[in-house]
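Let's take a relaxed walk through this structure. Have the sequence and the 3D view open as you read.

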Amino acid sequence: MLRIAICDDQPRELEIINAYITEYIATHTLEAEMKLFSHPDQLLTAIEAESFHLYLLDIVMPMVSGIELGKEIRRIDREAQIIYATTEPQFALQAYVASPINYLIKPINKQQLFDTLSFAISKIDLSLEKTFTVKTADSLRVLNLSEILCCEYRRHTVIFNLRNYEEVITRTIRESFAEYSMTIRKDTRFLQCHTSYYVNMQWVERFAKDSFTLRGGKVIPIAAKLYPAVRDQFMDYLMAREVNR
């Protein structure tokens, strides 16, 4: 499902953009979820726990400008698509620090917005929205792979650390960690850096010779004997991501 965040401190502008995008989604029969934010702080709080494929941002907003907001989004998510919609054309050059896909001037031309949405959505790979079902001690949980920071094998259980800082712990597994993690291993975002760990490279903030630091500060060790292969796989992932942007 396509997830879209719209942030504009002007209620009327928020309403117009929402109406246009709702029309676009209906016309193109897309499965999508939209969330509206009237203050950049609300969006900054939201992206601590959830992610969006597409952001539509105003530039001139209280406390945090759309440019600063875009930079923060880009810091934590290099794959998201950002569209600016503003009355202020003079910020166009500054806005490119957030690598937006377009910079629209208000009042928004509906067809121009639709063309920009088509281009942005064409660059979003929704096939990455894979899930993994986890049996816990008291329930079944369906986890979106993009929300998993890492998973750790410990005492015949697997601990999943999620973007919202939640830990999901499986009940005792009978198979090996490698067998249990087969689905995760096949996803190109995941890398095994230690006998007991897989990390989602999407959420790596720092790479050192002996560890990955993930979003939120969690540090995952890299086994010394695996370092050359880990380094190469991580570099390949980064290069592929840049090419696809």
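Which residue caps the N-terminal end of α5? Asn 109 does, with a side-chain oxygen 3.0 Å from the backbone nitrogen of Gln 111. That counts as a polar contact, a pair of N or O atoms within 3.5 Å; within protein, one must be able to donate a hydrogen and the other to accept it, and residues adjacent in sequence count only if both atoms are side-chain atoms.

## Before you go on

This is a predicted model, where local features need pLDDT of at least 70, side-chain atom pairs count only at pLDDT 80 or more, and totals for chains, interfaces and linings use all residues. Residues are numbered from 1 along each chain as its sequence is written, and side-chain values use heavy atoms, with hydrogens and water left out.

Helices (H or I, at least four residues) and strands (E, at least two) are DSSP runs, numbered from the N terminus. Buried means under 20% relative accessible area, exposed means over 50%, and partly exposed is in between (1.4 Å probe, protein chains only).

## Helix α5

Back to the capped helix. The 13 residues of α5 should span 18 Å at 1.5 Å a residue (the expected span is 1.5 Å times one less than the number of residues). The end C-alpha atoms are indeed 18 Å apart, so the two values agree.

Leu 113, Phe 114, Thr 116, Leu 117, Ala 120 and Ile 121 are the buried residues of α5. They cover an arc of only 165 degrees around the axis, so they sit on the same side of α5; the arc is that of the directions from the helix axis to the C-beta atoms. An α-helix has 3.6 residues a turn, so residues three or four places apart point the same way. The cover over the buried residues of α5 includes β1 (2-7), α1 (11-27), β3 (54-57), β4 (81-86) and β5 (102-105).

## Helix α3 and the cores

Now look at helix α3, residues 66-76. Its buried residues are Gly 66, Ile 67, Leu 69, Gly 70, Ile 73, Arg 74 and Ile 76. What covers them includes β1, α2 (40-46), β3, β4 and α4 (92-95).

The largest nonpolar core (buried Ala, Val, Leu, Ile, Met, Phe, Trp, Tyr and Cys residues joined through side-chain atoms within 4.5 Å) has 22 residues, and Leu 43, Tyr 55, Leu 57, Leu 69, Ile 73 and Tyr 84 touch the most other members. β1, α2, β3, α3 and β4 each supply at least two residues of this core, and α3 gives the most, with four. Ile 73 is in contact (heavy atoms within 4.5 Å) with Leu 43, Ile 47, Tyr 55, Leu 57 and Ile 82, not counting residues up to four places away in sequence. Apart from this core lies another, of 21 residues, among them Ile 4, Ile 6, Ile 17 and Ile 108.

## Salt bridges

There are twelve salt bridges here, each a side-chain nitrogen of Lys or Arg within 4 Å of a carboxyl oxygen of Asp or Glu. One of them joins Lys 130 and Asp 187, with the closest N and O atoms 3.9 Å apart. This pair links distant parts of the chain, 57 residues apart: Lys 130 is in the loop between α5 and β6 (131-135), and Asp 187 is in the loop between α7 (182-186) and β11 (190-194). Lys 130 is partly exposed at 39% relative accessibility, while Asp 187 is buried at 2%.

Glu 166 and Arg 141 make another salt bridge, with a closest N and O distance of 2.9 Å. Asp 8, Asp 58 and Lys 106 are linked in a network of salt bridges.
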